[in-house]
Every structure is written in C-alpha cells, then in structure tokens.
Amino acid sequence: MKTFELVPFGEKTLILRFDDVQEQPETIHWLNGFAAFLRSKFSKTFEDVLLSHLEINLVSKKNTDFKKVEKQVRLALTEYNNIDVDTACVWEIPACFDAECAPDLDELFGGDQNKIDTYIQAFTAQELYVHFFGFLPGFAYLGGLPKELQMPRKAHPRLAVPKGAVAVGGSYAAVYPQQSPGGWQLIGQTPFVFFDRNRMIPFFLKPGDRIRFKPISFLEYQQLDRDYQKASFLPQKIENK
Amino acid sequence: MSVQVIHTGFYTTIQDSGRTGYRHWGVPVSGPMDCESFALANALLDNFEKAAVLECTISGPTLLFNAPTRVAVAGGLIEIRLNGVEVEMCKAIDCDLGTILEFGKITKGVRSYIAFEGGLATPKTLGSRSQYFPVTEYKKLQKGMVLPLRPHTTALPKIMQVPSTNWIGTTETLNVLKGPDWGRISEQHQTQLLSENFSIGSNDRMGYQLKGALSKNNYGLPSSFVLPGTVQLTPEGTLLVAMADGQVTGGYPRVFMLSGNEVSKLAQLRTGKTIRFEGCD
C-alpha cells in the first residue's frame, strides 16, 4: 500500500488517497494508525489529520506546501511500516435491543420476533471498528457490518434521536453521542455516552478502535443508566491490541 | 476583573481562533465566522492574534464592566454607546469600572466583533474558548454571565492604519477553487454553478444555504471531509456552504472551496442577498 496520490482541496488541505484500498478492517486499522502517526509526527505542519471514508485528510496550519507535504508523507510511510503503532482497543458496550429501546426493529422486520432476534444475535456477535468520526462530536462511523446486517436510512429523518441510540445507516452502525436529528434506523440503546465534556476522558473511543455490543435486558439498561448518571464510568476495555 | 452580561443581543458567542486538533473526533473547528474582522478587532488592541472576543450577530449585547479595561469593535456596522454616549468602531475604547457599554442593531453586514484588552479569559474546553454545544456548556452568551478579563495596562496600543471595511455586506461575487468532487457532477451543473445567481437562504454558524436553479440530482457520495468554505451540492439542487461550526464530514459532492477570506465576506451577507461564483483553477 505504498502508492498514493495527494489531491488539493482548497488552499490548506490535501486529501491523501492510496491506490487499491478496500473497505476491510486491516486496511482501516492501517489507515487510522498512519493518520495518528502523521498527526503526532508533523504536529507543527498540520492542525488536523483525520480519516473520512478510505481517505486521510491533511489540514495545514498555513497554506499547503504541496512538495513539502508529499515529502513528509513519503518519509512517514517508510518509518511507519517499520514500527508498530497500532494501539487500538477493543471495547464491550452493553446495549439494550428490546422493543423499548429499539423503535425501528418492529417495522424493519414486519413485527417478526424471530427475525428480530436473529438480526440482533448476528449484530452483537460482530466485531465492529471505528472507521472515522463525523456528524457530531463523538459520532463514530462503525464499519464491519456484513451486507445482511446493513439497513437503508429512513426516508424521513427523526427530529430527535435520543442520546445513546444504537443505529444502522447504510453500511455503517453508530451510537448517537447526544440527542439530535437523525435518519438512521434505531435498533438499540446504550447508557454509555460517547462524548461527555465533564468526564476525565471526554472521548473514550478513538479512530481504529473496535467495538462489540453486549445485549442487556431493559431492566439492566435502566440500572446501568442510573449508575452512569451518578459516576460517568467507562465501558469495559476487553483488550489492548 | 470581569465584565457582566446585562443583555445578550440576538445571538452572541465567545470565539477565539477555533478548536483545532479534535476534528478526528468529529469536533467542528468553530472560531469566528468573519476572520478578517476578528483579526482587526484584536489588532486594534495589540492583542494576541488568537485572543477570545465576542461575536455578535444581528445585534449586540449590553455589558457592565467590573474593572477598567479597553475594548475595540470591528466588523458589521453597529451603534455603540458608552454610558449613553455614542463612540466609534475600529478604535480603542477605554472603559472604567462601572462603565455600561451598550450595543444596538447591526445596520450593515451581519456580525460584529468586540475585542477586550488581552482577550477574554473564560475557561478553555478541548483547547479553545469558542462556544459550541455540547463541547461547551452553552452554545451562546447567557444573560448574567460574568466573563473574566485580563489585567488592564495603561500603555496605549500603537495606532494602526485601519483597513477599509467597505466590503462588509456588499459582496456580489465569491472567488472559489474547484472542489475535489467537481469532476463528478454533470457539465450542465458545472456551467450553471459558474454562471448563475444564487440567493442566500437559511443560514447560521453551521452553514449557509444558497438557492439557485440547479436541478435535483442523485450523485450520492461516501462521507467525505468538509471544512469551513466547502460548498456542497445537495440532492435537492441547493448549495450548502459549510461555515465555522460546520460538521467535519458531509455526504454530497464538494463542488467548490471558497478561497482565501471569502468565508468572511459570505458571513457578512444577509438572507435574500444574491451572489455569483467566480472560478479559478
């Protein structure tokens, strides 16, 4: 994955695209690791380095010096390939997928409880990964959904999706970090808040991290929600990769 | 050392140069809508170029000073009264303890910037003082808020030549660079974008909607990076210009990027005003 192109975007930004990238976990982890590497190595040049769908965006502090950035990317590529900077974590996120927390499941499966159960079982068995963040602070686009778990977005977006809603929109899953308008299908809810400015660690997920949803009952959800209100604790980290 | 908010004005926010370094967590950069006037207000007081100011929209606040300081106002034309007596924009204004500084409506342009000697000393969240909910507790100034100030020095700021502000509210063309998705849209759309007029629809700190005669479309793109000044073509055929509080990703073709300080010019235009795009490669 060494051949790349840099596409100018306005006066301050370059889009870094690699040839032949596919949307698969290894590639996304590599891209996120490389973005983090560029971010820390060239913090004087770039004010932000971030992924969007299969691309790395390099935002310069001043107007972009195309030649300089190209050189920096080449240098970083040789160095990055030689060291392991993949510090991605795997998180277990308890979430309730019962009807009380999943207003769209009924309609999606025509009220067929067996189909709903099968879907949730497959959804919670799948390890997802943070492809990139966007839309709202802490809104992670979670990749890794197989075709059969993907869902079209709603034709008419909701005006208020609740905080913590677990949602599927196209090929991505996400957790709404705050109440907001939204057009994704709501299939569950977690008491864990993905962005909380009052918490010691406002964001616990980072780009490249992995997630597994753990199904809990509505009673457990309510209990956890009450506990969380008291102490804003973090979900469990299963492992450091 | 502080200043108290007696009235907030229509929509007033605290803004420094913005919250960079957190976009990879989905946090918009925020900062001033009109960077030119923000820089001028700070320069008039010899402030650090990134110092926090108040950004007023449509109308300004009423402030009570609990300590002596100096302020300067730049941007959209706004009436200022110091203890009832009219004072000028683009000049250092000395405020004593107990001074009431009252701002009226903005009569030319949309946004005015009130800089304070040394910059407002409100707390930072994620490295910036810029208000953006839910990164900060409030999205805008609240009545009764007390904003900490820096110590007052007696040294007068050096007198600077004030650049012309005739451009404020009068812009008719915006200079643009082609966006990264320019090649994905039809030739007809390309031609229309560079020849037709667009009128300013709903707008706020997140974005400006521009309406023209572009047809509906179905270009459908994956989520891509968007920054202040990016112009996207929506499926309904309207244009969406991302501004200071705009989302970091968008799903529509990025047809233009406003160049240089064109974002500042747009930020001073009102709903209903007509603009055209002028392209360069």
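## Cysteines, a helix pair and selected loop residues

In chain B, the sulfur of Cys95(B) lies 14 Å from the closest cysteine sulfur, which belongs to Cys56(B), and this is too far for a bond. The structure discussed here is a predicted model, and Cys95(B) is buried in it, with a relative accessible area of 1%.

The result for Cys95(B) fits the wider search, since over all chains of the whole structure zero disulfides are found. In chain A, Cys101(A) is likewise in no disulfide, the nearest cysteine sulfur being that of Cys96(A) at 3.6 Å. Because a disulfide requires a pair of cysteine sulfur atoms within 2.5 Å, the separation of 3.6 Å between the sulfurs of Cys101(A) and Cys96(A) does not qualify. Cys101(A) is also buried, with a relative accessible area of 3%.

### A helix pair in chain A

Helix α1 (residues 25-41) and helix α2 (residues 66-80) of chain A pack with their axes 11 Å apart and at an angle of about 120°, which means that α1(A) is oblique to α2(A). The crossing of these two helices, α1(A) and α2(A), is right-handed. On the side of α1(A), the contact is made by His29(A), Trp30(A), Gly33(A), Phe34(A), Phe37(A), Leu38(A) and Lys41(A), while α2(A) supplies Val73(A), Leu75(A), Ala76(A), Leu77(A), Glu79(A) and Tyr80(A). Sorted by class, the contact of α1(A) with α2(A) comprises nine nonpolar, two polar and two charged residues.

Helix α1 of chain A also holds Asn32(A), a residue that is buried, with a relative accessible area of 6%. Leaving aside residues up to four places away in sequence, Asn32(A) touches Leu51(A), Val130(A), His131(A), Pro207(A) and Gly208(A).

### Loop residues and backbone geometry

The following table gathers the relative accessible areas of four residues found in loops.

| Residue | Relative accessible area | Class |
|---|---|---|
| Lys147(A) | 69% | exposed |
| Pro202(A) | 18% | buried |
| Phe135(A) | 19% | buried |
| Ile58(B) | 32% | partly exposed |

Lys147(A) sits in the loop between β7 (140-143) and β8 (158-161) of chain A, and its C-alpha atom is separated by 25 Å from that of Ile56(A), the two residues being 91 residues apart along the chain. Pro202(A), in the loop between β12 (185-189) and β13 (210-216) of chain A, is 65 residues from Pro137(A) along the chain, and the C-alpha atoms of Pro202(A) and Pro137(A) are separated by 9.9 Å. When residues up to four places away in sequence are not counted, Pro202(A) touches Phe194(A), Phe195(A), Asp196(A) and Arg197(A), together with Leu126(B) from chain B.

Two residues that are not glycine carry a positive phi. For Phe135(A), phi is near 70°, and this residue lies in the loop between β6 (128-133) and β7 of chain A. For Ile58(B), the positive phi is about 70°, and the residue is found in the loop between β3 (53-57) and β4 (62-65) of chain B.

A further backbone feature concerns chain B, where the peptide bond from Phe133(B) to Pro134(B) is cis, with omega near 5°. Pro134(B) belongs to the loop between β8 (100-116) and β9 (146-148) of chain B.

Note on methods. Residues are numbered from 1 along each chain as its sequence is written. Chains are lettered from A and ligands numbered from 1 in the order in which they are written. This is a predicted model: local features need pLDDT of at least 70, side-chain atom pairs count only at pLDDT 80 or more; totals for chains, interfaces and linings use all residues. Side-chain values use heavy atoms; hydrogens and water are left out. Buried means under 20% relative accessible area, exposed over 50%, partly exposed in between (1.4 Å probe, protein chains only). Axes are lines fitted to C-alpha atoms, for helices over the stretch in contact, and angles run from 0 to 180 degrees between N-to-C directions. Helices (H or I, at least four residues) and strands (E, at least two) are DSSP runs, numbered from the N terminus. Angles under 35 degrees count as roughly parallel, over 145 as roughly antiparallel, 65 to 115 as roughly perpendicular and the rest as oblique. A crossing is left-handed if the near helix is turned anticlockwise from the far one by less than a right angle, and right-handed if clockwise. Contact means heavy atoms within 4.5 Å. Ala, Val, Leu, Ile, Met, Phe, Trp, Tyr, Cys and Pro count as nonpolar, Asp, Glu, Lys and Arg as charged, and the others, Gly among them, as polar.
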